[in-house]
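Below are my notes on the model, set out as numbered points. They begin with the aromatic rings and then turn to the helix contacts and two single residues.

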Amino acid sequence: MIHVTPTETALLCLAAYVGGTVDAIAGGGGIITLPALLAVGLPPHFALGTNKGQAVWGSAAAIVRYARAGLIDRRSALRSFPLALAGSALGALLVLQIKPDALRPLVLVLLVVAAIFIALVRVPATAEERPRHRSAAILGTIAFVVGAYDGFFGPGTGTFLIAGYVAFLGISLTRASADAKVVNCASNLAALAVFMTQGVVVWSLAAPMLVAQMAGGWTGAHLAVRGGNRFIRLVAVLVALALVVKVARDLYLRGGS
């Protein structure tokens, strides 16, 4: 029986709001919410499942705000959404069978690469300054692979998506953030469905957190629309570096134990 106090629940809601805000801007909200769920005593699989139970709503709220600003590419969304669903479902099924510890060294490498991409890749100030030709193969590969990672583990998914879109598709950071939320929503949804079938979603925690997550997702998307590329770049680099520090610390502590 998992017992969480009202104070801990309130702190989880605060983590959900901050995580939703950060995630809508640059990805990486899971680095806030997942450790918070583990800290209140949830076993790893329950923490992953409950995290998806609240995260999908933040992604959905961010999509609505980005869509209102005209930043969602519908053709890309129709291509990437189903592939992200499939990849995430596969990843979630795997994580229920395999301990995610083996993935963490690879995650550290990927986060370093993501930080370099976001920090150094030159992007247009607006999408119209450069043709937005998008390779269906590249778009689909990014959606499926990152979706599978999100279903398996999760933190850093949005950061990976933004880095991939900017580096390989040549679109602006603002539009990359918007399109990333479509994939992130799909991967959250698929993973949640799998985790629900296994009964590892604690809805007594996910329900209050999802309200805060929705508010955070809307806030983050609004800030990203207003702040533009420079603001998103700053937040994305900070999030990527924070993820690197977190994973490196976990690896160090595990190696010393």
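1. This is a predicted model, and it holds 2 aromatic pairs. In one of them, the ring centres of Tyr149 and Phe153 lie 6.3 Å apart with the planes at 65 degrees, so this pair is edge-to-face; the cut-off for that class is an angle over 60 degrees. Tyr149 and Phe153 are both buried.

2. Tyr149 also pairs with Phe160. Here the distance is 5.3 Å centre to centre and the angle between the planes is 65 degrees, again an edge-to-face arrangement. This pair links distant parts of the chain, as Tyr149 belongs to helix 6 (residues 136-152) and Phe160 to helix 7 (residues 157-169), 11 residues apart.

3. Are Tyr149 and Phe160 buried or exposed? Tyr149 has a relative accessibility of 10% and therefore counts as buried. Phe160, at 12%, counts as buried because the limit is 20%. Taken together, the ring pairs join Tyr149, Phe153 and Phe160 into a cluster.

4. The fold around these rings is helical: the secondary structure comes to 9 helices and 0 strands. Along the sequence the pattern reads α-α-α-α-α-α-α-α-α. Of the 257 residues in the protein, 55% are buried. Among contacts with a separation of 6 or more, 84% are between residues 24 or more positions apart.

5. Helix 6 and helix 7, which hold the Tyr149 and Phe160 rings, pack at an angle of about 165 degrees with their axes 10 Å apart. The two helices are therefore roughly antiparallel, since the angle is over 145 degrees. Their crossing is right-handed.

6. Which residues make the contact of helix 6 with helix 7? From helix 6 come Ile138, Leu139, Ile142, Val146, Tyr149 and Asp150. They meet Thr157, Phe160, Leu161, Gly164, Tyr165, Phe168 and Leu169 in helix 7. By class, this contact has 10 nonpolar, 2 polar and 1 charged residues. Tyr149 and Phe160, the edge-to-face pair of point 2, are both among the contact residues.

7. Helix 6 also packs against helix 8 (residues 173-197), where the axes come within 9 Å and cross at roughly 45 degrees. Helix 6 and helix 8 are therefore oblique to each other, and helix 6 passes helix 8 in a right-handed crossing.

8. On the helix 6 side, the contact with helix 8 uses Ala143, Gly147, Asp150 and Gly151. On the helix 8 side are Val183, Asn184, Ser187, Asn188, Ala191 and Phe195. These residues divide into 4 nonpolar, 5 polar and 1 charged. Asp150 is listed in this contact and in the contact with helix 7 as well.

9. Helix 8 has a further partner in helix 4 (residues 74-95): the two pack at an angle of about 35 degrees, with their axes 7 Å apart. This crossing is right-handed. Helix 4 contributes Ala77, Ser80, Phe81, Ala84, Leu85, Ser88, Ala89, Ala92, Leu93 and Val95. Helix 8 contributes Val182, Val183, Ala186, Ser187, Leu189, Ala190, Ala191, Val194 and Phe195. The contact has 16 nonpolar, 3 polar and no charged residues.

10. Ala191 deserves a separate point. It lies in helix 8 and appears in the contacts with helix 6 and with helix 4. At 0% relative accessibility, Ala191 counts as buried. Leaving out residues up to four places away in sequence, Ala191 touches Lys52, Ser88, Ala92 and Gly151. The C-alpha atoms of Ala191 and Phe153, a member of the ring cluster, are separated by 10.0 Å, with their positions 38 residues apart along the chain.

11. Where is Val40 found? Val40 sits in the loop between helix 2 (30-39) and helix 3 (44-68). With a relative accessible area of 16%, Val40 is buried. Beyond residues up to four places away in sequence, Val40 touches His3, Val4, Glu8 and Leu12. Ile2 is 38 residues from Val40 along the chain, and the C-alpha atoms of these two residues are separated by 9.0 Å.

Terms used: Residues are numbered from 1 along each chain as its sequence is written. This is a predicted model: local features need pLDDT of at least 70, side-chain atom pairs count only at pLDDT 80 or more; totals for chains, interfaces and linings use all residues. Side-chain values use heavy atoms; hydrogens and water are left out. Rings of Phe, Tyr and Trp (its six-membered ring) pair if their centres lie within 6.5 Å; planes under 30 degrees apart count as stacked, over 60 as edge-to-face and the rest as tilted. Buried means under 20% relative accessible area, exposed over 50%, partly exposed in between (1.4 Å probe, protein chains only). Helices (H or I, at least four residues) and strands (E, at least two) are DSSP runs, numbered from the N terminus. Axes are lines fitted to C-alpha atoms, for helices over the stretch in contact, and angles run from 0 to 180 degrees between N-to-C directions. Angles under 35 degrees count as roughly parallel, over 145 as roughly antiparallel, 65 to 115 as roughly perpendicular and the rest as oblique. A crossing is left-handed if the near helix is turned anticlockwise from the far one by less than a right angle, and right-handed if clockwise. Contact means heavy atoms within 4.5 Å. Ala, Val, Leu, Ile, Met, Phe, Trp, Tyr, Cys and Pro count as nonpolar, Asp, Glu, Lys and Arg as charged, and the others, Gly among them, as polar.
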